[in-house]
Amino acid sequence: MTYRKVNIFILVLAVVIFLLVLHHNILGLSDLLKRELSDSSPLGLQPIDFIPEVPQRLTDDQNDKEIPVVITASDDRLGGVIATVNSIHQNTKSNVAFHIVTLNDTVDHLRLWLSKTSLENVKYRILDFDPHLLDGKVRTDSEIPDSIKPLTFARFYMPNWVPNAEKAIYLDDDVIVQDDILELYNTKLQHGHAAAFSDECDSTTNKFAVRGAGNQYNYIGFLDYKKEAIRKLAMKASTCSFNPGVFVANLTEWKLQNVTKQLEKWMALNVAEEIYSRTPAGSITTPPLLIVFYKRHSNIDPMWNVRHLGSSAGKRYSPQFVKAAKLLHWNGHFKPWGRTTSYAEVWEKWYIPDPTNKFNLIRRHTDIYETK
């Protein structure tokens, strides 16, 4: 009998202890809910400032991520380079590093222009291009010794200029950037694609025919489809071409696919067999890129390459459209630092006068002329 009473007592004691613990937990939960509801919105949701801030270390790392921008600089076009660099620098808070590829005779002039103006704090590297890289790869005209501009081929050697970068932007020197370059850098490239270009058939350009420019919107405007080497590639002649003056490169893929060697192969073949088109749209830098990246490139936002501003002196786009463009490109014969061209006043806004006075401009209304 005594043994049974002890068991009952132990059981009752265990039940009491359990109830006490449960009661304590319920009271604690109730207090917690009261505190949360008193600080929350009417729906019981945490206010937005409850979300913890991103650790400062992470934001710093993001801001410090270097954005490599490759651009070429020839002495007779330095004004264009300066305007491009200035427009990028003024429109971003990102950590942009300019990799400026030039020839030996331009280095001192360029360095002085950058260091003696408001661009003195811009991060840049000046890189020398060796013209001998092109030996046996370009056809020269003995009657026109300066017909080949070596720097136009610098874009073929992207990993040379930024060997440790995974991604980089290439820009021609006749562009003005009106938005944050970070957006262009963040262009998504499809898996296996080494570059992203702007197709010539995109909505910003396909409505405008460039008189005297040949069929520059299709492959047939750049490649000679009568040549067997081109026919064997089975590329449709009507395929939209793309503009190689602005592109984003995945340099990891570029190296894996040996893009530079592929480009050099087609350059050398053109020397031997003249596989490039001879139409007015002909270009000695575009054809090998069209071959290597045939159906193997991603696209950039067309507003990041609003081009053909240098195709004529007339205004092909409305002022509203030009203002909305993120990047303006004066590709063509009419440059904003040279002949009369459209929207030269937009380019002039970003131009910084040459402290050496070697590159001078005459302003006549909204038109700009070079006096060299």
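**Group meeting talk: a seven-stranded sheet and its two cores**

I will start inside the sheet, where strand E1 (residues 66–73) and strand E4 (residues 167–171) run parallel and are joined by three bridges; helices (H or I, at least four residues) and strands (E, at least two) are DSSP runs numbered from the N terminus, and two strands pair if DSSP finds at least two bridges between them. Within this pair, Val70 stands opposite Tyr170 of E4, and Ile71 stands opposite Leu171 of E4.

Before going further, I should say that this is a predicted model, in which local features need a pLDDT of at least 70 and side-chain atom pairs count only at pLDDT 80 or more, while totals for chains, interfaces and linings use all residues. Residues are numbered from 1 along each chain as its sequence is written, and side-chain values use heavy atoms, with hydrogens and water left out.

On confidence, pLDDT being the predictor's confidence in each residue from 0 to 100, the protein averages 82, and 74% of the residues score at least 70. Over residues 29–62 the pLDDT is below 50, and beyond near neighbours in sequence this stretch has six contacts in the model, a contact meaning heavy atoms within 4.5 Å. Residues 362–372 also have a pLDDT below 50, but that stretch has 37 contacts beyond near neighbours in sequence. Where pLDDT is low, the predicted coordinates should not be read in detail.

Now to the sheet as a whole. It is open, with seven strands in the order E3-E2-E1-E4-E7-E6-E8 and mixed pairing. Strand E3 (123–128) and strand E8 (298–299) stand at the edges, each with a single partner strand, so one side of each is left without a neighbour in the sheet. On its other pairing, E4 meets strand E7 (residues 242–250) in the antiparallel sense over five bridges, and there Leu171 stands opposite Val246 of E7.

Two helices lie across these strands, and their angles, from 0 to 180 degrees, are taken between N-to-C directions of axes fitted to C-alpha atoms, for helices over the stretch in contact. Helix H3 (residues 78–90) lies across E1, strand E2 (95–102) and E4, running at about 165° to E1, whereas helix H4 (residues 107–115) lies across E1, E2 and E3, at about 175° to E3.

Why do we call E4 largely enclosed by the rest of the structure? Four of its five residues are buried, so E4 has the rest of the structure around it; buried means under 20% relative accessible area, exposed over 50%, and partly exposed in between, with a 1.4 Å probe and protein chains only.

That leads to the nonpolar cores, each a set of buried Ala, Val, Leu, Ile, Met, Phe, Trp, Tyr and Cys residues joined through side-chain atoms within 4.5 Å. The largest has 48 residues, and Ile169, Leu171 and Ile181 have the most contacts inside it; H3 gives the most to this core, with six residues. Apart from it lies another core of 45 residues, including Leu151 and Ala194. Leaving aside residues up to four places away in sequence, Ile169 touches ten residues' worth of surroundings that include Ile67, Met158, Ile181 and Phe247.

Finally, Phe359 sits in the loop between helix H12 (344–348) and strand E10 (361–364), and Phe359 is buried, with a relative accessible area of 1%. The C-alpha atoms of Phe359 and Gly79 are separated by 6.8 Å, although these residues lie 280 apart along the chain.
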